[in-house]
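This report looks at charged side-chain pairs in one protein model. The sequence and structure are shown first, and a discussion of selected pairs follows.

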Amino acid sequence: MKKRVFSGVQPTGNLHIGNYLGALKNWTKVQYDYESIFCIVDLHAITVYQSPEELKAKILEIAALFLAAGIDPAHSTVMVQSSVAGHAELSWLLTCVTPVGWLERMTQYKAKSALQETIGSGLMQYPVLMAADILLYQAGVVPVGDDQSQHLELTRDIAQRFNSLYGETFVMPETKLPTVGARVMGLDEPDKKMSKSAPGSNHAIGILDPPELIKKKLSRATTDSNPHVDFDTMGPGVQNLLGIYQAFGSVSEDDMKAKFAGMRYGDLKKNVTEMIVSHLEPIQQRYREITADPAYLLSILTAGRDRVAPIAESTVRLTKQRMGVFTS
Ligand code: AQP
């Protein structure tokens with residue numbers, strides 16, 4: 001039997017090339033090797049306040065982007081987290097076996113809670129909900145960007161703790177990072193990962209950004225004081241631009257060196273712009289076609305929910321039985 005893959009994206013902000021290279025592109029590559037489930041994780045999004053109207057629209061936008069990026073709904077499941085009750089239900093059952101200290105150690109929690117005046121308990125429980133998403137489908141493989149590695153480790157810790165307390169129940173998921181593009185950095189601050197919620201207008205390149213805007217953002221990207229590319233002394237900004245080129249083009253290390261060593265930064269940026277635009281333009285075209293037919297999109301999400309709901313129900317039932325809580 002094929003292993004199962006699960007991964008998700010929050011319907012918040014504008015999806016950027018970090019999300020694409022760290023997650024979506026990898027999904028399209030691995031989808032046929034596994035039984036694949038790709039999820040719009042709206043219950044994660046509400047761990048910080050979202051405008052209800054914007055959230056509703058964002059869910060459909062992200063679903064369309066999954067398909068436009070190359071997720072094949074005839075083979076892979078595309079679904080919305082809140083449409084399957086098991087995510088929230090399993091999350092509570094797993095909360096009861098998760099020590100608070102494990103959650104307080106999460107770097108994403110520390111970073112995000114520092115930005116909030118009042119820290120919602122949902123923000124702290126975020127990694128338990130993520131563990132529930134994965135364990136609910138007994139997923140063996142989780143393709144994510146590097147920023148999610150710590151949450152995946154926690155998922156395995158929670159699964160192990162549950163299995164040792166109540167008996168073998170959950171499949172142990174493995175983290176699958178892309179070989180390049182696992183951590184795309186901000187164009188303006190190359191020491192920070194590219195993030196949807198970062199404030200700067202030159203921080204991230206959106207998957208839906210038009211070519212002119214991509215060109216403008218790249219022309220302003222931080223480099224360093226060298227006049228041209230020097231692979232021995234380059235700073236993180238130049239390294240990031242080269243990494244983006246390499247990840248989009250699937251270019252080898254040797255070919256990168258042969259092409260870019262000694263190149264002036266203006267020409268480097270021109271090459272990176274062309275590479276990004278040539279990849280994003282067809283995705284943007286498909287996105288326009290898909291969003292022109294909202295009924296089609298909704299039918300994919302409904303079919304996705306119906307396909308995976310029985311798996312979720314069976315895991316929740318087993319988990320409840322193991323714990324001794326009531327099952328009818
Ligand atoms: N900079 C990145 N490089 C590579 N992969 C990344 N991912 C996110 N940023 C990068 C991967 O994208 C997937 C979906 O991410 P998410 O929407 O669930 O949440 P996130 O990781 O919190 O995304 P952002 O962009 O940083 O949003 P905010 O600013 O809201 O926190 C995941 O697989 C993630 O690894």
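## Salt bridges in the predicted model

The structure, which is a predicted model, holds 11 salt bridges. Side chains of opposite charge can pair when their charged atoms come close. Among the salt bridges are those listed here.

| Acidic residue | Basic residue | Closest N to O distance |
|---|---|---|
| Glu 61 | Lys 58 | 3.1 Å |
| Glu 89 | Lys 320 | 3.1 Å |
| Glu 274 | Lys 270 | 3.7 Å |

The pair of Glu 61 and Lys 58 sits within helix α3 (residues 52-69), where the two residues are 3 positions apart, about one turn of the helix. Both Glu 61 and Lys 58 are buried.

In the salt bridge between Glu 89 and Lys 320, with 3.1 Å from N to O, distant parts of the chain are linked, since Glu 89 belongs to helix α4 (residues 86-95) and Lys 320 to helix α13 (residues 294-323), with their positions 231 residues apart in numbering. Glu 89 has a relative accessibility of 33% and therefore counts as partly exposed.

Glu 274 and Lys 270, whose closest N and O atoms are 3.7 Å apart, both lie in helix α12 (residues 265-291), and because they are 4 residues apart they are separated by about one helical turn. How exposed is each partner, Glu 274 and Lys 270? Glu 274, at 46% relative accessibility, counts as partly exposed, whereas Lys 270 has a relative accessible area of 51% and is exposed, the cut-off for that class being over 50%.

Key. Residues numbered from 1 in each chain as written. Predicted model: local features only at pLDDT ≥ 70, side-chain atom pairs only at ≥ 80, totals over all residues. Heavy atoms only, no water. Salt bridge = Lys/Arg side-chain N within 4 Å of Asp/Glu carboxyl O. Buried < 20%, exposed > 50% of the residue type's maximum accessible area, 1.4 Å probe, protein only.
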